[in-house]
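Colleague: Before I set up any calculations, I would like a close look at a single part of this model, with its surroundings described carefully. Please take the nonpolar patch on the surface and connect it to the rest of the chain.

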Amino acid sequence: MSTPLGSIALLFLKLGTIAVGGPAAHIAMMEDEVVRRRHWLSHEEFLDYLGATNLIPGPNSTELAIHIGYARAGWPGLIVAGTCFILPAALIVGSLAWGYVRFGTLPVASGLLYGIKPVVIAVVLQALWGLGHTAIKTRALAALAIVAVVAAAVGVNELAILFGAGAVMVAARTFTAPQEERPHGASFIAASLPAIPATLATPFGLWPLFGVFLKIGSVLFGSGYVLLAFLRADFVERLHWLSDKQLLDAIAVGQVTPGPVFTTATFIGYVLGGGAGAVIATVGIFLPAFVFVALSGLLLSRIRRSRAARAALDGVNVASLALMAVVTVQLARAAIVDWITLVVAVAGAVLLFRWRINSAWLVLAAAALGVIVTAL
């Protein structure tokens, strides 16, 4: 049964307004809303979509929102879910960019983040617990999860971990299956690799700006730190359109505002080209996500019927959760800085695990608490 577009729009407008903490936190909040509360997807379906987003370039949490929209309402749902998740963050970042251009400074958001970050840790832990029970179905997958955690902790490339886990599971099932059922997984994995377009150096203009962000959105795998590397290579070193300080300010805004971190593009677009630049940059960096999800969504039902693809997805799902776990540890080190944030994190975890309080209310309450504490 399909879901009304209005319900999809309201959910993702809400998430785009309050989902602070990066992709791991966004994914955890989506799991809470669409699996636990609304029962739009099962744990297995949610994990399949999460695994699929990790196999394509672009912003993972945005692509997951687009997948959910498509699953619940077809092509209109795909557009509505993605747009509504992006729009609040883009408007917030655009407003901050206006203040930055006009006054030369960024509004201070330390109080909000002080309260929100510890609760985000609790939200992600809840999602990891629920998804882990579904994803880790065998001892082999449990062992693979441990290996993936260790690899991520020592700095192995995220994409290598994801594709490596998929390849390991394909190989394992190939050797344990009867000859006539043995999958041919190499072609499936190779077909998932994207083509990489190139952008030539050009003077500033709105269309060249669109081209740069379209390229970044088409080829970028990984975290916000990877985004920083791409942006610096293009905008600071190659095109000389931004200074290092301007780029770091843009990244900071993308990290502290809710919604996708890729709305950093909105900030850069506004700084370089005003309102038109903000729109062009935002469309450029997010457009590939809609295209990639649309294409992979058409293949997902076929993937589920393929033994090789199911094996690969099992491995990728486990690796995705391992990456989330490592990111959670890193976030916890930055979030829990004193006894107050420790209490907030523990209280948030108790409320989520014991009473299943809606994570949105916890985030809002923690934000208010953070503002009050830092003001005292």
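Modeller: Helices here are DSSP runs of H or I at least four residues long, numbered from the N terminus, and it is in this sense that Leu298 is found in helix H12. The model is a predicted one, and every value below is computed from it.

The patch you ask about covers about 720 Å² and is made by Trp75, Val279, Val283, Leu287, Val291, Leu295, Leu298 and Leu299. Helix H12, which spans residues 264–305, gives the most to this nonpolar patch, with 7 residues. Leu298, one of the patch residues, has a relative accessible area of 47%, and because exposed begins over 50% while buried ends under 20%, Leu298 is classed as partly exposed.

Helix H4 offers a useful contrast. His67 lies in helix H4 and is buried, with a relative accessible area of 1%. Leaving out residues up to four places away in sequence, His67 touches Val293, Ser296 and Gly297, and also Tyr49, Ala52 and Thr53. Arg102 is likewise found in helix H4, which runs over residues 60–103, but at 56% relative accessibility Arg102 counts as exposed. Arg102 and Val271 are 169 residues apart in sequence, yet their C-alpha atoms are 10.0 Å apart in space.

Turning to the interior, the largest nonpolar core has 69 residues, and those with the most contacts inside it are Phe12, Met30, Phe46 and Ile68. Helix H13, residues 307–335, supplies the largest share of this core, with 11 residues. Apart from that core lies another, of 40 residues, including Phe210, Trp241, Ala250 and Phe262. Phe12 itself, once its neighbours within four places in sequence are set aside, is in contact with Met30, Ala65, Ile68, Ala81, Cys84 and Phe85. In soluble globular proteins, nonpolar side chains tend to be buried together.

For the chain as a whole, the secondary structure comes to 15 helices and 0 strands, and 53% of the 376 residues count as buried. The accessible surface comes to about 16,700 Å², with 70% of it belonging to carbon and sulfur atoms. Among contacts between residues at least 6 apart in sequence, 74% join residues at least 24 apart.

Conventions. Residues are numbered from 1 along each chain as its sequence is written. This is a predicted model: local features need pLDDT of at least 70, side-chain atom pairs count only at pLDDT 80 or more; totals for chains, interfaces and linings use all residues. Side-chain values use heavy atoms; hydrogens and water are left out. Helices (H or I, at least four residues) and strands (E, at least two) are DSSP runs, numbered from the N terminus. Buried means under 20% relative accessible area, exposed over 50%, partly exposed in between (1.4 Å probe, protein chains only). Patches are made of residues with over 30% relative accessible area and no salt bridge: like charges are joined within 9 Å, nonpolar side chains (Val, Leu, Ile, Met, Phe, Trp, Tyr) within 5 Å. Accessible areas come from the Shrake-Rupley method with a 1.4 Å probe; for residues, only the protein chains shown count as cover. A salt bridge is a side-chain nitrogen of Lys or Arg within 4 Å of a carboxyl oxygen of Asp or Glu. A nonpolar core is a set of buried Ala, Val, Leu, Ile, Met, Phe, Trp, Tyr and Cys residues joined through side-chain atoms within 4.5 Å. Contact means heavy atoms within 4.5 Å.
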